[in-house]
Amino acid sequence: MQTREDLVETCTIIIWTASALHAAVNFGQYPYAGYLPNRPTISRKFMPEKGTPEYKELESSPETVFLKTITAQLQTVLGIALIEILSRHSTDEVYLGQRDTPEWTADTEPLKAFDKFGKKLAEIEDRITSMNNDEKLKNRVGPVKVPYTLLFPTSEGGLTGRGIPNSVSI
Ligand SMILES: [Fe+2]
């Protein structure tokens, strides 16, 4: 790094990656994929060819063939348990724009910048909410009625599908 701009750019990338980007891909794992038949992790069989006994079985009992094809039971249970753990916030989570040490600085300038950042995050949450309610946006308002919440800055602890932690451990 040669300049202050380089430092700002680098810090911005690190903060984005370890906070919002991670939250967007992590905390929806269980809400979106916790029902494995909706999103099997593997296919154990090829699509049966017409005229084979496997094809006949597919025609007569598609559910049985589907269950024989997708992830096996034990791997499914392990996978669901794993993504449930990964999708949980700890009860003492500190979210982006929050501090667990209010005395972190007495300098006015960083305090003001931190306050401005918190207000910007609240605006983003409002914007996401209004986009979720905009019926013109078909990727937000579909038949399933699951609003997008992964980039809401804050959350309660637990399995909420929302909230951007200030930092991540994995
Ligand atoms: Fe993660």
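Helix α1 buries Ser19, Ala20, His22, Ala23 and Asn26. In this predicted model, those buried residues pack against α2 (29-33) and α5 (73-86). The helix is not straight: α1 bends by about 40° at Thr17.

Two helices can be set side by side.

| Helix | Residues | Number of residues | End-to-end C-alpha distance | Expected span |
|---|---|---|---|---|
| α1 | 4-26 | 23 residues | 32 Å | 33 Å |
| α6 | 108-132 | 25 residues | 36 Å | 36 Å |

For α1, the reach is close to the expected value. For α6, the two values agree, because 25 residues at 1.5 Å a residue should span 36 Å. The buried residues of α6 are Leu121, Glu125, Ile128 and Asn132.

**Iron site**

Which protein residues act as donors to the iron ion? They are His22, through NE2, and Asn26, through OD1. These donors lie 2.1 to 2.7 Å from the iron ion. Both His22 and Asn26 are buried. His22 and Asn26 are four residues apart in helix α1, so about one helical turn separates them.

**Nonpolar core**

The largest nonpolar core has seven residues. Ala20 and Ala23 belong to this core, and both are among the buried residues of α1. Leu121 is another member, and is one of the buried residues of α6. Phe27, Leu96, Leu150 and Ile164 complete the set.

Phe27 links these topics. Beyond residues up to four places away in sequence, Phe27 touches the iron donor His22. Phe27 also touches Leu150, a fellow core member. Its other contacts in that count are Leu86, Ser87, Arg88, His89, Gly161, Gly163 and Pro165.

Definitions and conventions. Residues are numbered from 1 along each chain as its sequence is written. This is a predicted model: local features need pLDDT of at least 70, side-chain atom pairs count only at pLDDT 80 or more; totals for chains, interfaces and linings use all residues. Side-chain values use heavy atoms; hydrogens and water are left out. Helices (H or I, at least four residues) and strands (E, at least two) are DSSP runs, numbered from the N terminus. The expected span of a helix is 1.5 Å times one less than its number of residues. The bend at a residue is the angle between axes fitted to the seven residues ending there and the seven starting there. Buried means under 20% relative accessible area, exposed over 50%, partly exposed in between (1.4 Å probe, protein chains only). Contact means heavy atoms within 4.5 Å. Donors are N, O and S atoms within 2.8 Å of the metal (3.2 Å for Na, K and Ca); water is not among the atoms, so sites may look incomplete. A nonpolar core is a set of buried Ala, Val, Leu, Ile, Met, Phe, Trp, Tyr and Cys residues joined through side-chain atoms within 4.5 Å.
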